[in-house]
Amino acid sequence: MKDEMDNLDHLFYNKEQEDWDTAQLPSGHHDRFKQRLTKNKPKRLLPFYLSIAAMLLLFLGLAFHYAREPKTKEYQFASQQNKQTDSIFSVIITSKLNEIKDKKSPENEKIIADAMKQMKQLDNDYDKIIIELQKNGENKIIIAALISNLETRISFLKEVLQHIETNEHLMSLRHEETT
């Protein structure tokens, strides 16, 4: 064991002597190095302040974006009956949308995304009908278009829910077959 230790000591002793850097630094090296360290560097405060200002603007923008409460669409109808009809349909549509959002999963993500795009188009059509209603007043054609749009949205959401449930059922059957 002592022989092995002597070999290790000899190995490291020789290795250390070969690896030591024994070269002398050129004269004045220390002074030049010290001078570079103390040299006045140009101040770069403007980019620093710009980055702080950009961060503040970003945070303020995000705060205002998330602080706003979603506005509910409250339209003025001449008759109480039309207002109630719109309110009832809106509650049903909101309920169906919440059901769809609750069923969100990786398997249903594409179906739901496509459904939301279609719903956005139906919402835009609804907004156009409301603008017509407010501009021209209540008449049978506009009220019929409004109710038709609301019924279309509800039936569309029901079909989406049915499609999602069918998709989930098929996925569970596939899962049962593979296990």
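Let's start with Glu 168, which is partly exposed at 32% relative accessibility. Keep in mind that what we have here is a predicted model. The side chain of Glu 168 meets that of Lys 103 in a salt bridge, 3.9 Å from N to O. Glu 168 lies in helix H6 and Lys 103 sits in the loop between H4 and H5, so this pair ties together parts that are 65 residues apart in sequence. Lys 103 is partly exposed too, with a relative accessible area of 24%.

The structure holds six salt bridges, so let me show you two others. In one of them, Glu 99 pairs with Lys 96 at 3.8 Å, N to O. Those two residues are three apart in helix H4, which means about one helical turn separates them. Is Lys 96 buried or exposed? Lys 96 is buried, at 18% relative accessible area, while Glu 99 is partly exposed at 30%.

The other joins Asp 114 to Lys 110, with the closest N and O atoms 3.6 Å apart. Here the partners are four residues apart in helix H5, again about one helical turn. Asp 114 is partly exposed at 37%, and Lys 110 counts as exposed at 61%. Coming back to where we began, salt bridges with shared partners link Lys 103, Glu 165 and Glu 168 into one network.

Now, the overall picture. The chain has six helices and zero strands. Of its 179 residues, 18% count as buried. Among contacts with a separation of 6 or more, 75% are between residues 24 or more positions apart.

On to helix H5, residues 109–136. Its 28 residues reach 40 Å from first C-alpha to last, close to the 40 Å expected. The buried residues of H5 include Ile 112, Met 119, Tyr 126 and Leu 133. Just after H5, Gly 137 takes a positive phi of about 85°.

Which residues touch the most other members of the largest nonpolar core? They are Ile 93 and Ile 100, in a core of 22 residues. Helices H4, H5 and H6 each supply at least two residues of this core. Leaving aside neighbours within four places in sequence, Ile 100 is in contact with Ile 112, Met 116, Leu 157, Val 160, Leu 161 and Ile 164.

One last stop, on the surface. Met 55, Leu 58, Phe 59, Leu 62 and Tyr 66 make a nonpolar patch of about 590 Å². Within that patch, Leu 62 belongs to helix H3, residues 45–67, and is partly exposed at 39%.

Technical notes: Residues numbered from 1 in each chain as written. Predicted model: local features only at pLDDT ≥ 70, side-chain atom pairs only at ≥ 80, totals over all residues. Heavy atoms only, no water. Expected span 1.5 Å × (residues − 1). Buried < 20%, exposed > 50% of the residue type's maximum accessible area, 1.4 Å probe, protein only. Patch = residues over 30% accessible without salt bridge, like charges linked within 9 Å, V, L, I, M, F, W, Y side chains within 5 Å. Areas by Shrake-Rupley, 256 points an atom, 1.4 Å probe, with all protein chains shown as cover. Salt bridge = Lys/Arg side-chain N within 4 Å of Asp/Glu carboxyl O. Core = buried A, V, L, I, M, F, W, Y, C linked by side-chain atoms within 4.5 Å. Contact = heavy atoms within 4.5 Å.
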